[in-house]
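Trainee: I am new to this one. Can we go through it step by step?
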Amino acid sequence: MERNLTAEQLELFEKEFAAQPSYRVMQNAVTQTPVNEIALDRRIVTGLDHSVSNLLDDWKVTNQKKSGRCWLFAGLNLLRTGAAQKLDVKDFEFSQNYLLFWDKFERSNFFLEAALETSDRDVDDRTVAHLLSDPIGDGGQWNMFIALVHKHGLVPKTAMPETESSSNTSAMNETLRKVLRQGARDLRKLAGDAEAQRARKQEVLTVVHRVLSIHLGTPPQKFLWQWKDNDKGFHRDGWMTPTEFAKKYVTIPLEEYVCVVHDPRESSPAGRTFTVEYLGNVIDAPPVVYLNVEMDLIKQLAMDAIVGGEPVWFGCDVGKQMSSDLGYWDAALFDYEAVYDTKFELDKAERLLHHETLMTHAMLFTGVDVVDGEPRRWRVENSWGDEKADSGFWTMNDSWFGEHVFEIAVRRSALPAELQARLGDEPIVLPAWDPMGALAD
């Protein structure tokens, strides 16, 4: 076959398309109607059922709006259930804006330290290029969430409410990227002069703090906490620091939680721990570490936690086989093969290898439908507001879980003993650009 597309080949392609009446029917349909409406499998839609046998949520969903803070929302949504019970209130929210501020500031410091460490490399070095590609995105990981809570504590939403920029981060992030990339340029120019580099880094962080304060407000060092419970009873804790507030109202042992993932690539053996180079936000915090396990175990761990009364933080590739209108995920929800008359055969490992998938979003499992000891479908608390799905709670078919969920956070005590022992192993270090280093947003 010719390397170039010749006129004869182009004519052949057109004739082959025109010769199939079904292709022309699809062309007529898709040129007038969104392809997902054409591909939606009615057999699945007519069988939709959102009920589950084990349901935990009786609260309202949150809304990250035009930001990539899903991992923070999912983490805080996990923590708020216990806090609401302790406060004896129906709905409660920790301040997502408070953790956003500290994540941006800590991550700026993390990036500048990485720029210092790599300042002797060429700017086209693959790691340097990866660091510069997005120095201050919104996304994150479970371990990064834990690092922020441990260092900076928490505050109620009333102590640091949302701002225009916390709900719509694009303009703020654009400015921060300019500041940080310019700072990285300066640090690279000063390579070899450690004292000058440190001084310049401090100047850059001063600007970052100023930008964050302008956009997000100033994080409180202390705040007066008082509230009314479900019976209108008044309570006052008085003045508290964020660390004191977290210590009192985080009711689960965060230090007990570990991140387990499903990475089916041959290069990622099950039962081993992994970390990703330059993945994190807080310098000197424990590294982001995953334990790679089989998918059946991840499902079992998630199901057991929910049946035991505890929601589960998880990360997935949210956009695959998803209907926003229905609030539903199913591995075969859209029959694209029938629309295009072709096979889509990449399995999960191949999709990772060929850049067809990675973790893009974090949410909270709040229910599971169990039949004969096996999960059939899952209820999900999303952070996209209450206008879609069941007032913002989505439904996930178990078939979708296996294909598109990548990780969950669970108590280490829930793991089999042999896997608990592996948590202390030296992790395999993946390169900074590996898809398992993707940040949920």
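The talk below moves from the overall fold to single residues.

Mentor: This is a predicted model, in which local features need pLDDT of at least 70, side-chain atom pairs count only at pLDDT 80 or more, and totals for chains, interfaces and linings use all residues. Residues are numbered from 1 along each chain as its sequence is written, and side-chain values use heavy atoms, with hydrogens and water left out.

Trainee: How many helices and strands does the protein have?
Mentor: Helices (H or I, at least four residues) and strands (E, at least two) are DSSP runs, numbered from the N terminus. By that rule, the protein has 17 helices and 14 strands.

Trainee: What is the radius of gyration of the protein, and what would a compact globule have?
Mentor: The radius is taken over C-alpha atoms, and the globule rule is 2.2 Å times the number of residues to the power 0.38. With 441 residues, a compact globule would come out near 22 Å. The protein's own value agrees with that: 24 Å.

Trainee: What part of the residues is buried?
Mentor: Buried means under 20% relative accessible area, exposed over 50%, and partly exposed in between (1.4 Å probe, protein chains only). Of the 441 residues, the buried share is 50%.

Trainee: What share of the contacts comes from residues 24 or more positions apart?
Mentor: A contact means heavy atoms within 4.5 Å. Count the contacts with a separation of 6 or more. Residues 24 or more positions apart account for 77%.

Trainee: Is threonine 62 buried or exposed, and which residue does its side chain join in a polar contact?
Mentor: Threonine 62 sits in the loop between strand E1 (54–55) and helix H5 (70–87). Its relative accessible area is 2%, so threonine 62 is buried. A polar contact is a pair of N or O atoms within 3.5 Å; within protein, one must be able to donate a hydrogen and the other to accept it, and residues adjacent in sequence count only if both atoms are side-chain atoms. At 3.2 Å, the side-chain partner of threonine 62 is asparagine 77.

Trainee: Which residues does threonine 169 contact, leaving aside neighbours within four places in sequence?
Mentor: Threonine 169 lies in the loop between helix H9 (164–167) and helix H10 (170–189). With a relative accessible area of 3%, threonine 169 is buried. Its contacts are Lys66, Ser67, Leu100 and Asp138.

Trainee: How many salt bridges does a search of the whole structure find?
Mentor: Side chains of opposite charge can pair when their charged atoms come close. A salt bridge is a side-chain nitrogen of Lys or Arg within 4 Å of a carboxyl oxygen of Asp or Glu. The search finds 31.

Trainee: Which residue forms a salt bridge with aspartate 58?
Mentor: The closest N and O atoms of this pair are 3.9 Å apart. Aspartate 58 is in the loop between E1 and H5, and its partner, 32 residues away, is in the loop between H5 and helix H6 (96–117). That partner is partly exposed at 48% relative accessible area. The partner is lysine 90.

Trainee: Which residue meets lysine 248 in a salt bridge?
Mentor: The N to O distance is 3.1 Å in the bridge between lysine 248 and aspartate 237. Lysine 248 lies in helix H12 (residues 242–249) and its partner in strand E3 (residues 234–240), so the pair ties together parts 11 residues apart in sequence. Lysine 248 is partly exposed at 34%. Its partner, partly exposed at 26%, is aspartate 237.

Trainee: How many residues apart in sequence are aspartate 325 and lysine 388?
Mentor: These two form a salt bridge, with the closest N and O atoms 3.3 Å apart. Aspartate 325 counts as exposed at 66% relative accessibility, whereas lysine 388 is partly exposed at 36%. Aspartate 325 is in the loop between strand E8 (322–323) and strand E9 (328–329), and lysine 388 in the loop between strand E11 (374–381) and strand E12 (393–397), so the pair ties together parts separated in sequence by 63 residues.

Trainee: Where is tyrosine 278, and what is its phi?
Mentor: Most residues other than glycine have a negative phi. Tyrosine 278 has a positive one. It is found in the loop between strand E5 (273–276) and strand E6 (289–292). Its phi is near 60 degrees.
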